[in-house]
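Q: Hey, got a minute to look at something with me? I'd like to talk through how far to trust it and how the chains meet.

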Amino acid sequence: MVEGYWCLVLHNHLPFVKHPEYEDFLEEDWFYEAITETYIPIISILEGLLNDNVDFRITMSLTPPLCNMMEDKLLQDRYYKKLSKLIELAEKEVWRLQGQEPFFSTAKMYEYKFKNVMQVYERYNRNLLNAYKNLLNTAKVEIITCNATHGFLPLMSSDRIRKAQIKTAVKDYEIKFGRKPKGIWLAECAYSYGIDKILKECGLQYFFVEAHGILYGEPRPKYGVFAPVYTPNGVAVFARDIETAHQVWSADVGYPGDPDYREFYRDVGYDLEYEYIKPYLHIDGIRRNIGIKYYRVTGRVGLDKKEPYVPQWALNKAAQHAGNFMFNREHQIRYLKNIFDREPIVVSMYDAELFGHWWFEGPDFINFLFRKIHYDQNIFKAILPTEYLDKYPKNQILQPTSSSWGDKGYFEVWLNGCNDWIYKHLHKCEELMCQAVDVYHQDVLSGDEFKKRVLNQLTRELFLAQSSDWAFIMTTQTMVEYAHRRTKEHISNFLRLFYQLKENRVDTNFLSWLEFKNSIFKDIDYTVFI
Amino acid sequence: MDNKELTTIPASGTVSSKVERKVEFIQQITDLPQSYADTKIFLLPRDPWWCFAYWEVEEKTMQEIRNLYGENLQYFIRVYDVTNIDNFDGNNANKYFDIHINLDAKNWYINLPETNRSWCVDLGVKNSNGEFVTIVRSNIVIMPRFGVSLITDAQWAVLQREFERLLELSGVSMIGKGSFDIAKLMKERWEEIMAISQLPKFISSAAVPHQQFISSGFISSFAKKEQVEKKEFYLKADTELIVYGETMPDAKLYIGDREFKLTSDGKFSLRMYLSDGEKFIPIKAVSSDGTMQKEIIFVVQRKTDYKE
């Protein structure tokens, strides 16, 4: 009999970035890099665990924009080309570095990894959703959804709008995975009063909040964050464990900063001779990260003082850290079991892109961790949220507080001097969207297919404008120009199309162009606003 | 705004100047409307202590107000505590306070005197008698809670001392102490690295002139530069080997025992480090149907002498 449970949740998300109008587009790299460094490495690791009959559980949110990008033919083909180039470079590097350890071993590691990525990619016919569908069928992996375009729900103007985001997500999930989603990841873990009612109406059983979502809830939570609670509307809520978050994220004690791990900021895109590296840069020829890096974190030293990366050392360290993480969970869970009258659940939530993209050895860490949990101890087991709810269907009812997992725990990251100007426009579009649906839905019912197309595209433009990513980027001050551009672009597309509809002069070419370019949600249905 | 303009492509974020297809609708991103001709005030919660209000008053309404109350008006936001009030009508608030505002600011962050309450605001003016006249009323906002609830649940009761211990275990002291997001963490690490790097200009702008990178190896030039600066006189040299050529575009090319990808016009180029000693480089091309093949073998020797 185990003494408690551990629930790992990885949030997989990227905003919908697709630019068919350019042959080469910088921001699409977010998606391509994440496939190479995070999504496929994690898929491979989970498949390895299954092959070796290791008992494990993992919950992953795959947001609708991400699912839609994974399914997109243009992006699939572009990624294939990108990865082929990367493999070509890795092969050249193996040649160049012959006889020069430890660089040679590292070069061979990249070649091996990239070729494995290609093999997985081809095996699933370039559509990673096929891989996730397989994993979902094993019952060891749970895949949950996220509100439509990762919109920041608490800052939307009404529940009608929030509900449209959530209904669209549920429908998209059903189309892609062939069953209803059991749980949802609210974008940025952003919850405000009333959202649970919408979730209930959409058939969702559970969601996640930041620790104080429950700790500051009313009445007091008997088990703190170590048991789910039900909202007044009967939806289960799991709260984040801060200790495990801190263990990975902390600048001082967090694992990813270990001297043996790979240094993110020393990249061949900057280090190697220009003519040699140029074919692998974007067509503007500006030096940027390419994804092959030969140095390790080393310590708090300048980039010029970084020492060479040694793959075996890094792997050893990942195993050691996995052991440490497990040891700490054993202690935490045993302690909690002693003071509780039931088995506690510790919920660790992370952005998936942490594992692989930023913390290069992160996927290895997960691999070692699940194997160690399976073979080396019997204090706790990994579990899925629904499995825990099946064991403990009776839980305290409380009203979680409005909160998010952003800096300071509330909404400031998405509402401050850098981005507050967007809400006036977003709210106006939300209002006009409802107006358009109320006025023209009858025409569609009478068979007006063209108006249906217009209403559907209005829905896409509104949803894309609502992505929380734009407000977030404006706050973090990286790639701000792109975030401004996307916000303005979708709002102006929306307004232009809305007034064309209202004045009965819709430009068909414009509509077709938008459908082609902003093609998220092939089967979108504007009636989510009714 | 809806002309089918064939416009220049916005530069932001793009790295392409070539467009594959004729694109009519990459419209220049115009500024969004300044106003929507509404009279409206909207309230959003930011955190337990602050909310944000934005507003707009249409010209017609402004004119009416000026006609009624005169030209030089003082504008205010009246903030009502409407906690637990079902039908707020402007007169039944628990309490309220006024903030003098500049109407043209169009938005305001409001600091609230109490946590865990619900609020509503009116945008308005004060007439010559100092009486507040509402122009428009906002939505009601229930603020995010701060702090642990005082209310306990009989069925799920917990002793105060145990609960305090549990809060500690749940990490209550860490709440709001910083976020765990990648973008922030990476930015901070980058700033730290740049602060301690010898050559802070390196990489800090995306476009690094490649002349700096005369080193062809994996040891980037700035590390060497630093070393050499300490010496009075120096000579550093190294060598690399470039193998290149072309064959039929559909042929298979092998260098050593590895297959090597050809460019679409059948060219290939491989650059490698040349260490001391002798190196055999067999290059083999095999026709696509496998019936013909050609081979060229290079034997390259490098010997390095150092002389004072």
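A: Sure, let's start with confidence and then go to the interface.

Q: Is this experimental or predicted, and what are the overall scores?
A: It's a predicted model, with ipTM 0.94 and pTM 0.85.

Q: What about chain B, what's its average pLDDT?
A: Chain B averages 77, and 77% of its residues score at least 70.

Q: Where in chain B is confidence lowest, and where is it highest?
A: The low point is helix 4 (residues 221-229) of chain B, with a mean of 32. Strand 1 (residues 40-47) of chain B is the high point, at 98.

Q: Which stretches of chain B stay under 50?
A: Residues 1-24 of chain B do, and the model gives them 54 contacts beyond four places in sequence. Residues 199-231 of chain B also stay under 50, with 71 such contacts.

Q: OK, switching to the interface. How much area is buried between chain B and chain A?
A: About 11100 Å², with carbon and sulfur atoms giving 63% of that. The contact takes 114 residues from chain B and 121 residues from chain A.

Q: How many salt bridges across it?
A: The rule finds 4 between chain B and chain A. One pairs R46(B) with E412(A), at 3.7 Å from N to O.

Q: And polar contacts?
A: There are 19 residue pairs in polar contact between chain B and chain A, both residues at pLDDT 80 or more.

Q: Which helix of chain B gives the most to the side touching chain A?
A: Helix 3 of chain B, with 11 residues.

Q: How does that side break down by class?
A: The side of chain B that touches chain A has 59 nonpolar, 28 polar and 27 charged residues.

Conventions: Residues are numbered from 1 along each chain as its sequence is written. Chains are lettered from A and ligands numbered from 1 in the order in which they are written. This is a predicted model: local features need pLDDT of at least 70, side-chain atom pairs count only at pLDDT 80 or more; totals for chains, interfaces and linings use all residues. Side-chain values use heavy atoms; hydrogens and water are left out. pLDDT is the predictor's confidence in each residue, from 0 to 100. Helices (H or I, at least four residues) and strands (E, at least two) are DSSP runs, numbered from the N terminus. Contact means heavy atoms within 4.5 Å. Buried area is the accessible area (1.4 Å probe) that two parts lose on being put together, summed over both. A salt bridge is a side-chain nitrogen of Lys or Arg within 4 Å of a carboxyl oxygen of Asp or Glu. A polar contact is a pair of N or O atoms within 3.5 Å; within protein, one must be able to donate a hydrogen and the other to accept it, and residues adjacent in sequence count only if both atoms are side-chain atoms. Ala, Val, Leu, Ile, Met, Phe, Trp, Tyr, Cys and Pro count as nonpolar, Asp, Glu, Lys and Arg as charged, and the others, Gly among them, as polar.
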